[in-house]
Amino acid sequence: MSDTGRRVAIACQGGGSHTAFTAGALQRLLPAVDADYDLVGLSGTSGGALCAVTAWYGLLSDGPDRAADLLEEVWCDVAATTPGEFLLNESLVWRSRLRQLMFPLPDVSPYAVPGNVGHDWYLDLLDRHIEFDDFAALADDAPPHVTIGAVDLNSGEFETFTDDAVTPETVLASAAHPLLYEAVEMNDHWHWDGLYSQNPPVKEFLTSERPKPDELWVVQIEPQTYDGVPTSLGDIAGRRQELSGNISLNQELDFIEKVNEWVNAGYLPDDYKHVEVRHLRLTRDATPSSKLDRDPRFIEDLLERGEREAADFLDRVA
């Protein structure tokens with residue numbers, strides 16, 4: 001990493017398959033950050049957690065080029081490639097589309113499905129690409145640090161896991177959407193998707209004893225704005241989902257902006273500093289149902305779009 005660049009932290013919002021966009025963005029951002037900035041932290045939730053952990057592992061193992069390659073490998077592995085996977089993917093996507101159109105379809109609990117297929121698939125994916133046994137040694141070389149979020153459904157508390165506290169189970173818990181995955185047990189409590197807590201963790205960049213960023217780059221998957229008024233039940237449900245996905249993020253960013261105002265006005269001690277918040281956003285041309293879509297062409301398109309948007313983003317912040 002650069003010894004003279006500004007300190008940067010990158011936060012990766014969750015959003016199912018749409019976070020392939022984040023992987024593409026990180027492929028472009030990480031080499032640039034390594035050359036011109038000091039990367040002090042990565043964070044993520046759900047699919048964003050998968051991206052953040054993969055990037056952190058690749059970066060500390062063998063540099064930004066390895067991180068970029070590993071992100072590509074992981075998301076190509078996420079894609080449905082076998083005939084059975086492709087048929088399952090198509091059925092899930094079409095079911096989601098019909099639900100968006102308010103067709104009456106029966107709900108099926110993940111606990112009603114024999115076995116624990118979702119857990120096994122996700123843990124196998126992680127095992128093929130990431131050596132979690134190396135995390136304790138890698139954490140000694142940090143920064144950057146990595147933080148992922150999940151929610152303790154028993155206590156209702158938000159939980160975060162950092163560096164060598166990140167395990168296959170915590171990454172799985174961060175992605176365990178309750179309508180798709182069974183809850184994940186850790187420390188005698190059950191955990192669900194971090195989308196219900198911090199999406200993604202942000203305040204940890206500023207409240208820990210670690211180096212604090214000068215800039216926070218947020219890769220935001222859920223659309224922030226909406227033109228007009230949604231009138232169909234499907235559009236209303238989609239916009240509700242977007243707003244829910246952004247609630248925790250906006251609350252934490254609003255607090256940072258308020259502290260920035262106090263810093264600029266001279267109300268706070270010198271220990272506090274202005275943190276510039278910058279957004280890299282996925283544009284609104286995907287539907288909520290496509291968050292389940294693992295079609296290889298869709299994944300590849302999102303990876304390429306992420307790289308293009310990240311290149312434009314770097315031109316803007318230079």
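## Backbone, helix and ring features

P200 sits in the loop between β6 (189-193) and α8 (204-207). Helices (H or I, at least four residues) and strands (E, at least two) are DSSP runs, numbered from the N terminus. A cis peptide bond, with omega about 0°, joins N199 to P200.

The model is predicted, so local features need pLDDT of at least 70 and side-chain atom pairs count only at pLDDT 80 or more, while totals for chains, interfaces and linings use all residues. Residues are numbered from 1 along each chain as its sequence is written, and side-chain values use heavy atoms, with hydrogens and water left out.

Two residues other than glycine have a positive phi, as listed below. Buried means under 20% relative accessible area, exposed over 50%, and partly exposed in between (1.4 Å probe, protein chains only).

| Residue | Phi | Loop | Relative accessibility |
|---|---|---|---|
| S46 | about 60° | between β2 (37-45) and α2 (47-62) | 6%, buried |
| D163 | near 55° | between β4 (157-162) and α7 | 6%, buried |

V146 belongs to strand β3 (residues 145-152) and is buried at a relative accessible area of 0%. From V146 to F161 the C-alpha distance is 8.2 Å, with their positions 15 residues apart in sequence.

Helix α1 (residues 20-36) has 17 residues, which should span 24 Å at 1.5 Å a residue; its end C-alpha atoms are 25 Å apart, which agrees. The expected span is 1.5 Å times one less than the number of residues. Helix α1 bends by about 30° at L29, and P31 follows within four residues. The bend is the angle between axes fitted to the seven residues ending at a residue and the seven starting there. Twelve of the 17 residues of α1 are buried, among them F21, L26, L29 and L30.

The axes of helix α3 (residues 64-78) and α5 come within 10 Å and cross at roughly 150°. Axes are lines fitted to C-alpha atoms, for helices over the stretch in contact, with angles from 0 to 180 degrees between N-to-C directions. Helices α3 and α5 are therefore roughly antiparallel (over 145 degrees; under 35 is roughly parallel, 65 to 115 roughly perpendicular, the rest oblique).

The whole structure holds eight aromatic pairs. Rings of Phe, Tyr and Trp (its six-membered ring) pair if their centres lie within 6.5 Å; planes under 30 degrees apart are stacked, over 60 edge-to-face, and the rest tilted. Y122 and Y181 form an edge-to-face pair, 6.2 Å centre to centre with 85° between the planes. Y122 lies in helix α5 (residues 117-129) and Y181 in the loop between α7 (168-174) and β5 (184-186), so the pair ties together parts 59 residues apart in sequence. Both Y122 and Y181 are buried. Ring pairs also link W56, Y57, F132 and F135 into a cluster.
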